[in-house]
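The following exercises concern the fold, surface and interior of a single protein chain. Please examine the sequence and the coordinates before reading the solutions.

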Amino acid sequence: MYSAATVDVLGSKHCDRAVNVREVDPPHRLGTAGPDPVEVHHEGDCEVQEGLELKGAWMAPWAELTLVSLGNRLEEGYS
């Protein structure tokens, strides 16, 4: 079985490069990995690769990986 991220999530490397960072209230609940959801208090924008900019991505500075929402990219016309 395969699954994809439903929201874009910036990991530690990309959180450091994020712009337009804003606090979210109430915080988002992220249940991507692990048994218990965590709270995400910030969103930001970041170009994670040339031509691939994540806007309003949830910021998870404790996470090793950045997660890109496949569903969002398909809606934007990527194939």
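Three exercises on this predicted model follow, each with a worked solution.

**Exercise 1.** Determine the order of helices and strands along the chain, and assess its overall dimensions.

*Solution.* Begin with the inventory: the chain contains four strands and two helices. Placed in sequence order, these elements give β-α-β-β-β-α. The radius of gyration is 12 Å, close to the 12 Å given by the globule rule for 79 residues, so the chain is as compact as a globular protein of that length. Along the principal axes, the C-alpha atoms occupy a box of roughly 35 × 30 × 20 Å.

**Exercise 2.** Describe the burial, the exposed surface and the charges of the chain.

*Solution.* First, 32% of the 79 residues count as buried, where buried means under 20% relative accessible area. Next, the exposed area is about 5,600 Å², of which carbon and sulfur atoms supply 51%. Finally, the chain carries 6 positive and 14 negative charges, whose mean positions lie 3 Å apart.

**Exercise 3.** Identify the largest nonpolar core and the elements that give two or more residues to it.

*Solution.* The largest nonpolar core has nine residues: L10, C15, A18, C46, V48, L52, L54, A57 and M59. Two or more residues come from each of β3 (38-49) and β4 (52-59), with β4 giving the largest share, four residues. Leaving aside residues up to four places away in sequence, A18 touches L10, D45, C46 and M59. Another core, of six residues, lies apart from this one and includes V9, L30, W58 and A60.

Note on methods:
Residues numbered from 1 in each chain as written. Predicted model: local features only at pLDDT ≥ 70, side-chain atom pairs only at ≥ 80, totals over all residues. Heavy atoms only, no water. Rg over C-alpha atoms; globule rule 2.2 N^0.38 Å. Buried < 20%, exposed > 50% of the residue type's maximum accessible area, 1.4 Å probe, protein only. Areas by Shrake-Rupley, 256 points an atom, 1.4 Å probe, with all protein chains shown as cover. Lys, Arg positive; Asp, Glu negative; His and termini not counted. Charge placed at Lys NZ, Arg CZ, Asp CG, Glu CD. Core = buried A, V, L, I, M, F, W, Y, C linked by side-chain atoms within 4.5 Å. Contact = heavy atoms within 4.5 Å.
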